[in-house]
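Trainee: Could you take me through a close look at one helix pairing in this model, and set it in the context of the rest of the chain?

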Amino acid sequence: MRDVWNVVGVFGRIATAAVICFAAVARTDAMEFTWRAPKTVHATGAIEIGDAAKFAALATFDTLELDSPGGFVGEALAIAARMDERGGIRTVVKAGASCASACAMAIFVSGERRIVHMGGRLGIHSCAMPDGTQAPECNKAMAANATAHGVPWGVIEGFGNYTKPSIMMWLGAEDAECWGLMKWGPQDTSNDGVDCFKWASRIPTPDITSANAKSADYIACRANAGTSRTSLSTSVSGQGFSNAYRAACKRVVADPKTPRYAAVDIIMWLTLTDPQVLTLKPGTLMVNILDRDENQIGNCWKCVTIIAMSELMNGYPKQAVEDFKKAVALVKRDDGSVPAWLTSRVDLAAAEAAKKDR
């Protein structure tokens with residue numbers, strides 16, 4: 001707590017200078033706090049002077065939904081300090097929402113639990129001095145607060161120093177998890193940023209992973225999942241058809257140290273490649289991994305794809321067509337394009353549905 005307030009004190013001396021870029025991307029209206037449920041507060045709008053006092057006046061709650069372009073760093077860090085005083089607050093960025101700049105780098109990272117839903121995004125960039133140049137001391141202060149809440153140091157300071165104040169680095173849900181910004185529970189240690197570091201550094205996974213059984217499971221499943229950040233170019237064709245492989249994947253997706261979106265990625269890949277995947281009950285596994293959160297599942301294109309594949313394999317092609325179409329719309333929303341294999345699954349399900357109608 002004292003450390004956070006000391007950081008705020010630093011910004012007291014440079015409040016109008018070091019945060020010019022953060023304020024520049026914000027709207028002129030201050031942040032609004034509205035109740036969405038008895039224990040959920042929705043925070044939207046720019047972070048302006050006085051918002052920390054408004055936050056402090058709120059009744060007890062446990063979930064803070066964020067949708068903000070950022071604003072004054074000192075005020076954002078003051079809100080973070082109030083969050084620490086309360087304790088137990090979960091920060092969430094839902095589908096269609098964005099939490100950028102000071103919202104992401106100070107408020108979101110201060111949640112005891114932190115979740116970006118599929119279709120949501122975080123934005124990171126550098127603080128700026130009045131002349132528009134980077135403010136490294138500001139980035140360092142933001143990193144100190146983030147690190148105190150379990151975020152890898154380099155993710156905030158490194159990304160902050162890497163990006164220009166005028167350019168926003170956007171991270172979707174899977175990227176946010178991969179870089180260690182998310183924390184599904186107080187004891188969650190799965191999101192340490194190592195996997196994205198390996199990927200970004202182009203370091204071959206086997207070269208830096210010890211050759212033990214647990215690592216072998218990890219490499220066989222996650223590194224070979226076609227859409228994974230750690231996907232290897234040496235993926236073994238047909239590997240998903242072995243009993244040993246299925247057993248290894250089941251261990252990986254059940255391991256609490258496996259990041260949840262990574263587990264969903266593995267399950268989706270298995271539903272696409274393994275004709276015996278139904279023995280793993282992929283839909284049930286996916287739903288349980290995401291805590292049966294209907295909003296999260298319904299906005300996750302990989303989740304909807306898993307559901308559609310399960311429906312198709314269980315002999316319900318009409319339902320599969322509808323869910324494949326939903327998956328197409330979601331991935332187009334998130335990525336702007338649709339992979340050819342997904343559109344081919346729509347055609348496959350439609351053909352199966354036509355056969356049933358004959």
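Mentor: Before the packing is described, one convention is needed: each axis is a line fitted to C-alpha atoms, for helices over the stretch in contact, and angles run from 0 to 180 degrees between N-to-C directions. In this predicted model, helix α15, residues 301–313, and helix α17, residues 340–357, have axes that come within 11 Å and cross at roughly 30°. Because angles under 35 degrees count as roughly parallel, α15 is roughly parallel to α17, and the crossing in which α15 passes α17 is left-handed. On the α15 side the contact is made by W301, T305, M309 and L312, which meet W341, L342, R345, L348, A349 and E352 of α17. Sorted by class, this contact of α15 with α17 comprises seven nonpolar residues, one polar residue and two charged ones.

Elsewhere in the chain there is a strand pairing to set beside the helices. Strand β1, residues 32–37, runs antiparallel to strand β2, residues 40–44, and five bridges join them; the two strands form a hairpin with two residues between them, and within this pairing T34 stands opposite H42 of β2.

As for confidence, the protein averages a pLDDT of 84, with 85% of the residues scoring at least 70. Over residues 1–28, however, the pLDDT is below 50, although this stretch has 68 contacts in the model beyond near neighbours in sequence.

Note on methods. Residues numbered from 1 in each chain as written. Predicted model: local features only at pLDDT ≥ 70, side-chain atom pairs only at ≥ 80, totals over all residues. Heavy atoms only, no water. Helix = DSSP H or I, 4+ residues; strand = E, 2+ residues; numbered from the N terminus. Parallel < 35°, antiparallel > 145°, perpendicular 65-115°, else oblique. Left-handed = near helix turned anticlockwise from the far one by under 90°. Contact = heavy atoms within 4.5 Å. Nonpolar A, V, L, I, M, F, W, Y, C, P; charged D, E, K, R; others polar. Pairing = 2+ DSSP bridges. pLDDT = per-residue confidence, 0-100.
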